[in-house]
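Grab your viewer and work through these exercises on helix packing and empty space. Each task comes with a worked solution, so try it yourself before reading on.

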Amino acid sequence: MGIVNVTPDSFSDGGRYLNHERALSHARGMLTAGASIVDVGGESTRPGAERVSLDDELARVIPLVRDLAADGVAVSVDTMRAPVARAAIDAGAKIINDVSGGLADPEMLTVVADSSADYVVMHWREHSATMQQGPRYDDVVADVVSELLAQRDAAVEAGIAPERVILDPGLGFSKTWDHNWTLLRHLNVFQKLGHRVLVGASRKAFLGELLGGREPLGRDGATAALSFWSALHDVWAVRTHDVSGQSDAIAVARRLAREGAVDLSGGVTH
Ligand code: PMM
């Protein structure tokens, strides 16, 4: 899943794709490089980010969704807002990627339920402005799983069929760097929840910290290592800025899996 952030302020590609033609050609380049899905977002969720207005988000996202969908591209839309989701579905989006997993907008679940779109339910506690102010868990894996399943249950109760739900542990959202690593270590727990799993580690700050303060554009190698790890756990998709490096990492993991080096349903065998 290749990312196009149509925002001035996303942490790694902010400001680069506000121009429509530039965003379109970036999306097409990612498809050529091996992406199966393009994830379009109009609101930055980096830690500390303030919210964008509904009108600005619609204006950033919908024209791009319409043009990509018209070309037959599988488009996902990264939004927490029901009116954006509705307009995106009308414009041809096939997936709504809601980082709040239904918690930010009370209308979201109904809008998705009334469509045939797939729905990414990401583990989420609060908006970006405050989410990194000392997140606490008794047991991060157990707590994230139980909170995520509560979000999943609400989606299913609202009428979204379970097979349309994709789960995401939400790396970097109300998580310390250590929390992210623990969740990644236990990716097999998420894989066993009975849904497709999406992982979004691309260029995130915990990788910068691991690499001695490396800037976002220098984190693609570390991201590829995590795409490899994710692929060993047979996740459905990784959400990434650098599609070609991640496709290669996934190809290697899949080839090794065919040799029996890994058990794709249950994680690494040794
Ligand atoms: N991370 C970001 C934005 N959207 N969506 C999902 N499903 N999972 C994520 O981990 C995720 C996301 C933040 O990264 P960005 O600013 O580079 O888009």
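**Exercise 1. A first helix pair**

At what angle do helix 2 and helix 3 pack, and how far apart are their axes?

Solution. Keep in mind that this is a predicted model.

Step 1: locate the pair. Helix 2 covers residues 54-70 and helix 3 covers residues 82-90.

Step 2: get the geometry. The packing angle is about 20°, and the axes sit 10 Å apart.

Step 3: classify it. Angles under 35 degrees count as roughly parallel, so helix 2 and helix 3 are roughly parallel to each other.

Step 4: find the handedness. The crossing of helix 2 and helix 3 is right-handed.

Step 5: list who touches whom. Helix 2 brings L54, E57, L58, I62 and V65, while helix 3 brings P83, V84, A87 and A88.

Step 6: sort that contact by type. It splits into 8 nonpolar residues, no polar ones and 1 charged.

**Exercise 2. A second helix pair**

Work out whether helix 5 and helix 6 are roughly parallel or roughly perpendicular to each other.

Solution. Step 1: find the helices, residues 140-157 for helix 5 and residues 177-185 for helix 6.

Step 2: read off the numbers. Their axes come within 9 Å and cross at roughly 80°.

Step 3: compare with the cut-offs. The window from 65 to 115 degrees counts as roughly perpendicular, so helix 5 and helix 6 are roughly perpendicular to each other.

Step 4: look at the contact. V140, V141 and V144 from helix 5 meet H179, T182 and L183 from helix 6. By type, that gives 4 nonpolar, 2 polar and no charged residues.

**Exercise 3. Enclosed space**

How many cavities of 30 Å³ or more are there, and which residues line them?

Solution. Step 1: count. There are 2 cavities of 30 Å³ or more.

Step 2: take the largest cavity, which holds about 50 Å³ of space. Its lining consists of V199, A201, S202, T223, L226, S227, S230, V238, R239 and T240. Helix 9 (residues 220-232) supplies the largest share of that lining, 4 residues. Sorted by type, the lining has 4 nonpolar, 5 polar and 1 charged.

Step 3: move to the second largest cavity, with about 40 Å³ of space. Around it you'll find E43, S44, T45, A49, E50, R51, M80, H127 and S128. These divide into 2 nonpolar, 4 polar and 3 charged residues.

**Exercise 4. Open pockets**

What is the volume of the largest pocket, and what is the volume of the second largest pocket?

Solution. Step 1: the largest pocket holds about 500 Å³ of space. It has 34 lining residues, and F11, T45, R46, F173 and K204 lie nearest its centre.

Step 2: trace where the lining comes from. Strand 1 (2-5), helix 6 and helix 8 (205-210) each supply at least two residues of the lining of the largest pocket. By type, this lining has 13 nonpolar, 13 polar and 8 charged residues.

Step 3: the second largest pocket holds about 310 Å³. Of its 18 lining residues, M1, S36, A237, V238 and I250 lie nearest its centre. The elements that give two or more residues to this lining are helix 9, strand 8 (237-238) and helix 10 (243-258).

Step 4: pick the top contributor. Helix 10 gives the most to the lining of the second largest pocket, with 5 residues.

Step 5: sort by type once again. The lining of the second largest pocket divides into 10 nonpolar, 6 polar and 2 charged residues.

Note on methods: Residues are numbered from 1 along each chain as its sequence is written. This is a predicted model: local features need pLDDT of at least 70, side-chain atom pairs count only at pLDDT 80 or more; totals for chains, interfaces and linings use all residues. Side-chain values use heavy atoms; hydrogens and water are left out. Axes are lines fitted to C-alpha atoms, for helices over the stretch in contact, and angles run from 0 to 180 degrees between N-to-C directions. Angles under 35 degrees count as roughly parallel, over 145 as roughly antiparallel, 65 to 115 as roughly perpendicular and the rest as oblique. Contact means heavy atoms within 4.5 Å. Ala, Val, Leu, Ile, Met, Phe, Trp, Tyr, Cys and Pro count as nonpolar, Asp, Glu, Lys and Arg as charged, and the others, Gly among them, as polar. On a 1 Å grid over the protein atoms alone, a cavity is a set of points where a 1.4 Å probe fits but cannot get out, and a pocket is an open set with protein on both sides within 12 Å along at least five of seven lines; lining residues have an atom within 4 Å of a point. Grid points are joined across faces, edges and corners, and a volume is the space filled by probe spheres set on the points. A crossing is left-handed if the near helix is turned anticlockwise from the far one by less than a right angle, and right-handed if clockwise.
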